[in-house]
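Colleague: I have not looked at this one before. Can you walk me through it?

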Amino acid sequence: AKHRVFTKRQIAGLDLLYEDEALLVINKPSGLLTVALAKHPEEITLYDQVADYLRHRSKRKPQIIHRIDRDTSGLVVFAKTDAARAHLKQQFAAQKPERSYQAVVYGLPFPEKGTWRDWLVWDKEELLQKLSDPRDRRAVEAKCSYRVLENFATASLLEVKLVTGKQNQIRLQATAHGHQLVGEKQYVAETVQSAIKFERQALHAWKLSLLHPLNN
C-alpha cells in the first residue's frame, strides 16, 4: 500500500520538510538543542517541539535517531515507531546514510577535494572531542570527504560528506586541517584567524539519504 507523504510545512515554528507514517524530517534552526542536556534540563528542545506536534495528531512519541549540535542548523530525522527507530538506528550504526553538510571555513583548501582522517577521543569532563592517536585504545576513527564549492577572499564554502558520524567531528577536523569554521568558538585554531563576523559555527546539515524503513 502507498503510504501518505506530507512535505514542507511550517507548523508552530517547526520547519517540517517531510513526514509519513514511519518518520519525519525537520530543518532545525541554529540555537536549538536537538535533545535535552543534563545541565540544561528546562530548555525547550527540537524533540519537545516534535513531541508536541505528534501529541496533537497521533498520540505517538518521537523516537530519536541522531542529533546535530545546538548551533548547527539543518536536517534531523525522528522515527514515529519502535520498528522504524530500530531500522534507522541500525543504518546509522553501520554508517550507511549519506550525510552532507555545507561549511564556510577560513582559507582556501588545497587540494580542492580530499579526505580528512583523524583519531578522536571524547573528553567527558570538558565535553569536547580531542585529537588522539590510533594506538590509544579509547580513540575512534573520524573520516569525512570535502570538496570546495566556492572560494571567497579569505574563506571557502565546502561540501563535507561524513563517512563516520562522531560528535563535533567536522568542527574539530576542519580546525585540525587548517581550515577552522567561520564562527567556531570551541575548536579554535592557535593562530589568529582574520575574523569574519558570524554568530555561530557556519555549519549546515544539508543533504541526507537513507533507506526508508517501510520499503527500503
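Modeller: What follows goes through a few helices, charged pairs and rings, and the model is a predicted one.

Colleague: Start with helix 1. Which of its residues are buried?

Modeller: Helix 1 covers residues 46–55, and its buried residues are Leu-46, Val-50, Ala-51, Tyr-53 and Leu-54. Down the helix axis they fall within an arc of 160 degrees, so they line one face of helix 1.

Colleague: What caps the N-terminal end of helix 1?

Modeller: Thr-45 does, with a side-chain oxygen 3.4 Å from the backbone nitrogen of Tyr-47.

Colleague: What about Tyr-47, how does it count for exposure?

Modeller: Tyr-47 has a relative accessible area of 22%, so it is partly exposed. It also belongs to an aromatic pair with Phe-78.

Colleague: How many aromatic pairs are there, and how is that one arranged?

Modeller: There are two in the structure. In the pair of Tyr-47 and Phe-78 the ring centres are 6.4 Å apart and the planes are at 50 degrees, so the pair counts as tilted. Tyr-47 sits in helix 1 and Phe-78 in strand 5, 31 residues apart, and the pair links distant parts of the chain. Phe-78 itself is buried, at 0% relative accessibility.

Colleague: Switching to helix 3. How many of its residues are buried?

Modeller: Seven of its eight residues, which makes helix 3 mostly covered. They are Gln-169, Ile-170, Arg-171, Leu-172, Gln-173, Ala-174 and Thr-175.

Colleague: What covers them?

Modeller: The cover for the buried residues of helix 3 includes strands 6, 7, 8, 9, 10 and 11. Just after helix 3, Gly-178 has a positive phi of about 85 degrees.

Colleague: There is an arginine among those buried residues. What does Arg-171 pair with?

Modeller: Its side chain meets Asp-69 in a salt bridge, 3.0 Å from N to O. That pair links distant parts of the chain, with Arg-171 in helix 3 and Asp-69 in the loop between strand 4 and strand 5, 102 residues apart. Arg-171 also forms a salt bridge with Glu-184, at 2.8 Å from N to O. Glu-184 lies in the loop between helix 3 and strand 11, so this pair ties together parts 13 residues apart in sequence.

Colleague: Are those residues buried or exposed?

Modeller: Arg-171 and Asp-69 are both buried. Arg-171 has a relative accessible area of 6%, and Glu-184 counts as buried at 6% relative accessibility. Elsewhere, salt bridges that share partners join Glu-19, Arg-57 and Lys-80 into one network.

Colleague: How many salt bridges in the whole structure?

Modeller: Twelve. One of them joins Arg-138 and Asp-136, at 2.9 Å from N to O, and Arg-138 counts as exposed at 60% relative accessibility.

Colleague: And Arg-200, where is that?

Modeller: In the loop between helix 3 and strand 11. Arg-200 is buried but has no salt bridge, and the nearest side chain of opposite charge, Glu-199, is 5.0 Å away.

Colleague: What polar partners does Arg-200 have instead?

Modeller: A polar atom of its side chain lies 3.2 Å from the backbone oxygen of Asp-71. The side chains of Arg-200 and Ser-73 are also joined by a polar contact of 3.2 Å.

Colleague: What else does Arg-200 touch?

Modeller: Apart from neighbours within four places in sequence, its contacts include Ser-30, Thr-72, Val-182, Gly-183 and Lys-185.

Terms used:
Residues are numbered from 1 along each chain as its sequence is written. This is a predicted model: local features need pLDDT of at least 70, side-chain atom pairs count only at pLDDT 80 or more; totals for chains, interfaces and linings use all residues. Side-chain values use heavy atoms; hydrogens and water are left out. Helices (H or I, at least four residues) and strands (E, at least two) are DSSP runs, numbered from the N terminus. Buried means under 20% relative accessible area, exposed over 50%, partly exposed in between (1.4 Å probe, protein chains only). Lys and Arg count as positive and Asp and Glu as negative; His and the chain ends are not counted. A salt bridge is a side-chain nitrogen of Lys or Arg within 4 Å of a carboxyl oxygen of Asp or Glu. A polar contact is a pair of N or O atoms within 3.5 Å; within protein, one must be able to donate a hydrogen and the other to accept it, and residues adjacent in sequence count only if both atoms are side-chain atoms. Contact means heavy atoms within 4.5 Å. The arc is that of the directions from the helix axis to the C-beta atoms. Rings of Phe, Tyr and Trp (its six-membered ring) pair if their centres lie within 6.5 Å; planes under 30 degrees apart count as stacked, over 60 as edge-to-face and the rest as tilted.
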